[in-house]
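Here's a quick briefing to read alongside the model. Keep the 3D view open and follow the bullets topic by topic.

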Amino acid sequence: MLKIVQTKPYLDQKMGTAGIRKKSRIVMQENYIENFVQSIFNAIGGVAGQTFVLGGDGRFYNKIAIQKILKIAAANGMAKMIVGQNGYISTPASSCVLLKNKAQGGLVLSASHNPGGIDGDFGIKYATASGGQCSTAISDKIYENTKNITSYKIWDAPDVDLSQIGVQKLGNMEIEVIDPVVDYVQMMEKIFDFAAIKKLFADGFTFVFDAMNAVTGPYAKKIFEEILGADEGSVINAVPLEDFGGLHPDPNLIYASSLVRLMYSPSAPDFGAANDGDGDRNMILGRSFFVTPSDNIAILTDNYRYIPAYKSGIYGVAKSAATSTAVGRVAAALGIGYYEVPTGWKYFCNLMDSHRITFCGEESFGAGSSHIREKDGIWAVLFWLNIIAATGKSVEQITREHWLKYGRSYYVRHDYEGIDIEKANRLMADLEAKLPELAGKTFGSFTVSKAEPFVYNDPVDGSSTKNGLIVYFTDKSRIVYRLSGTGTNGATLRVYLERFDDKCFDEDVMQFLKELADVSRQIAEITERTAKEKPDVIT
Ligand code: VG1
Ligand code: CO
């Protein structure tokens with residue numbers, strides 16, 4: 001039965017870099033999810049007769065939120081909701097299913113790499129018919145709606161059983177429960193040379209994939225163990241858990257520490273990888289060797305010819321401004337288009353839709369291609385396995401040959417977390433104001449060549465976005481400053497440090513970037529303003 005419920009607006013439902021992201025307890029407030037989802041539907045002119053895709057990374061509150069969303073969708077006249085079995089779907093699989101079914105929209109319940117649980121985080125990403133997350137123009141409209149909402153529609157009915165694959169009805173809406181792994185696997189089989197990777201494993205290549213107790217476990221088990229023949233047990237932490245087993249499902253050197261320890265131990269397998277909570281981020285490791293995400297996208301691009309789906313040619317490549325310039329050198333060598341966009345995958349979508357780019361990547365462990373409109377963790381792992389199968393080279397060899405050819409961008413990101421929001425905003429505003437004076441100034445051994453805000457003018461829709469501040473130095477070093485748009489605890493200042501060297505590739509990264517790190521604090525007065533002498537997290 002259709003029910004109309006009176007509600008009061010929440011004033012904090014503004015989307016950040018990737019959807020809305022909040023502490024679980026905030027999302028659990030009365031009508032919080034209902035308001036947000038109804039506001040999406042209102043802002044896009046209703047969803048009557050439409051098809052959407054729905055699922056989440058399985059974190060705490062996934063189950064409850066999904067039932068609410070199904071009932072709101074049914075009450076709003078949606079024709080069909082395609083739902084991942086048990087309410088699970090990875091972010092890349094959601095984009096895949098959305099595009100395959102030509103659905104009008106998709107909702108992924110996830111706070112990505114943020115920890116889960118009642119004291120962790122929850123979030124919702126909203127994708128349009130393009131398969132990618134909505135533009136800022138649309139999220140602004142949704143935000144306006146959340147501030148003025150007075151009622152929502154909900155179908156008053158018992159909860160829906162999502163455990164069995166098949167079709168059922170909720171009011172007039174059809175619910176199709178699918179196994180999202182199936183469509184995703186089919187897509188991967190079309191892109192990569194599965195026969196060659198199968199042979200690699202059959203020949204004894206050893207591998208470990210850490211799903212971090214999050215959504216990619218079932219996908220990874222199916223693809224790597226069942227289909228490609230990696231040893232049983234190669235996929236670890238493979239069962240999605242509501243609290244990720246206490247892990248922080250962020251695949252980097254800090255939070256995937258047990259995998260990192262294994263990869264740097266004498267019993268390391270040939271290859272190690274991890275994905276984040278919702279399966280769109282990846283970390284790649286060789287034996288005692290780590291591939292930085294900025295190098296990752298550069299190396300994948302340079303090796304596109306080994307991959308069946310790309311071997312006949314690629315369009316250009318894009319990276320977020322904060323990502324190192326490594327892939328830019330590859331683009332120049334290949335003579336393909338090259339774009340720098342603000343942080344957030346949504347900025348790549350127009351470039352993919354208009355065939356300007358095929359690949360894109362971010363320093364935050366994200367890489368992907370135009371096969372979907374999200375970054376894709378398992379895709380990146382398969383890409384590496386395919387290169388290794390085709391070349392017979394190790395992760396380290398492939399990376400070292402890359403440096404030899406193009407030079408190396410030593411790169412690190414410093415995060416200063418939990419800063420008072422007002423203080424953080426002031427720091428950025430004051431820094432921006434003094435950028436023009438920086439040119440020509442010397443800090444230690446670094447001389448500033450140019451300093452300016454990063455402004456992106458989208459060549460497709462003409463929109464203009466300012467995101468972060470960049471200081472360039474005469475020796476090709478760069479510092480990028482920006483505030484995170486995914487945090488749930490005060491403000492996080494991200495400082496991205498890059499220094500180029502085309503002769504020596506074996507410097508200690510931290511040591512090599514130490515002076516630049518000091519300069520980054522000096523220029524932005526970080527310690528004076530935040531009382532932090534060093535970053536809270538270094539990745
Ligand atoms: C972070 C990353 C960004 C990424 C975003 C979403 O944003 O820096 O590169 O696209 O998270 O990632 P921010 O604004 O906190 O720096 V995820 O894996 O949601 O899906
Ligand atoms: Co993610």
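What follows goes through the domains, the two sheets and a few single residues.

This is a predicted model, so local features are picked only where pLDDT is at least 70. The domain assignment splits the protein into domain 1 (2-180), domain 2 (184-406) and domain 3 (408-538).

**Domains**

- Domain 1 and domain 2 have their C-alpha centres 28 Å apart. Their contact draws on 33 residues from domain 1 and 31 residues from domain 2.

**The mixed sheet**

- Start with the open sheet of 7 strands that goes 2-6-5-3-4-9-8, where the pairing is mixed.
- The edges belong to strand 2 (20-23) and strand 8 (166-170); each has a single partner strand, so one side of each has no neighbour in the sheet.
- On average, neighbouring strands in this sheet are turned by 20° against each other, ignoring direction.
- At the strand 8 end, strand 8 runs antiparallel to strand 9 (residues 173-178), and 5 bridges join them. To find your place there, look for Gly166, which sits opposite Val177 of strand 9.
- Helix 3 (residues 62-75) lies across a good part of this sheet: strand 3 (51-56), strand 4 (80-88), strand 5 (105-109), strand 6 (121-128), strand 8 and strand 9. Against strand 4, helix 3 runs at about 170°.

**The antiparallel sheet**

- Now move to another open sheet of 7 strands, ordered 20-21-22-23-24-19-25, with antiparallel pairing.
- Strand 20 (442-443) and strand 25 (537-538) are at its edges, and each has a single partner strand, so one side of each goes without a neighbour in the sheet.
- Strand 20 is held to strand 21 by 2 bridges in the antiparallel sense. Thr442 has Thr447 in strand 21 as its bridge partner.
- Strand 21 (residues 446-457) then pairs with strand 22 over 8 bridges, again in the antiparallel sense. Ala451 faces Val471 of strand 22 in this pairing.
- On its other pairing, strand 22 is joined to strand 23 by 4 bridges, and the two run antiparallel. Val471 stands opposite Ile479 in strand 23, and Val471 is also the residue opposite Ala451, which makes Val471 a handy landmark for following the pairings.
- How much of strand 22 is buried? The count is 8 of its 10 residues, so strand 22 is largely enclosed by the rest of the structure.

**Hairpins and positive phi**

- As background, most residues other than glycine have a negative phi.
- The strand 21 and strand 22 hairpin leaves 6 residues between the two strands, and Gly462 in its turn has a positive phi of about 75°.
- The strand 22 and strand 23 hairpin has 4 residues between its strands, with Lys476 in the turn.
- Lys476 has a phi near 75°, which is positive although the residue is not glycine. Look for Lys476 in the loop between strand 22 (464-473) and strand 23 (478-483).
- Is Lys476 buried or exposed? Lys476 has a relative accessible area of 55%, so it clears the 50% cut-off and counts as exposed.
- Asn31 is another non-glycine residue with a positive phi, near 65°. Asn31 sits in the loop between helix 1 (24-27) and helix 2 (32-43).
- The relative accessible area of Asn31 is 12%, which is under the 20% cut-off, so Asn31 is buried.

**Two charged residues to check**

- Asp295 is part of helix 10 (residues 293-302). Leaving aside residues up to four places away in sequence, Asp295 touches Ala326, Trp403 and Ser409.
- What about a salt bridge for Asp295? Asp295 is buried yet has none: Arg408, the nearest side chain of opposite charge, is 4.8 Å away, and a salt bridge needs the atoms within 4 Å.
- Lys199 is placed in helix 7 (residues 194-202). With 52% relative accessibility, Lys199 counts as exposed.
- Measuring tool at hand? From C-alpha to C-alpha, Lys199 and Ile89 are 29 Å apart in space, and 110 residues separate them in sequence.

Methods. Residues are numbered from 1 along each chain as its sequence is written. Chains are lettered from A and ligands numbered from 1 in the order in which they are written. This is a predicted model: local features need pLDDT of at least 70, side-chain atom pairs count only at pLDDT 80 or more; totals for chains, interfaces and linings use all residues. Side-chain values use heavy atoms; hydrogens and water are left out. Buried means under 20% relative accessible area, exposed over 50%, partly exposed in between (1.4 Å probe, protein chains only). Lys and Arg count as positive and Asp and Glu as negative; His and the chain ends are not counted. Contact means heavy atoms within 4.5 Å. Two strands pair if DSSP finds at least two bridges between them. Axes are lines fitted to C-alpha atoms, for helices over the stretch in contact, and angles run from 0 to 180 degrees between N-to-C directions. Domain bounds come from an automatic or database domain assignment.
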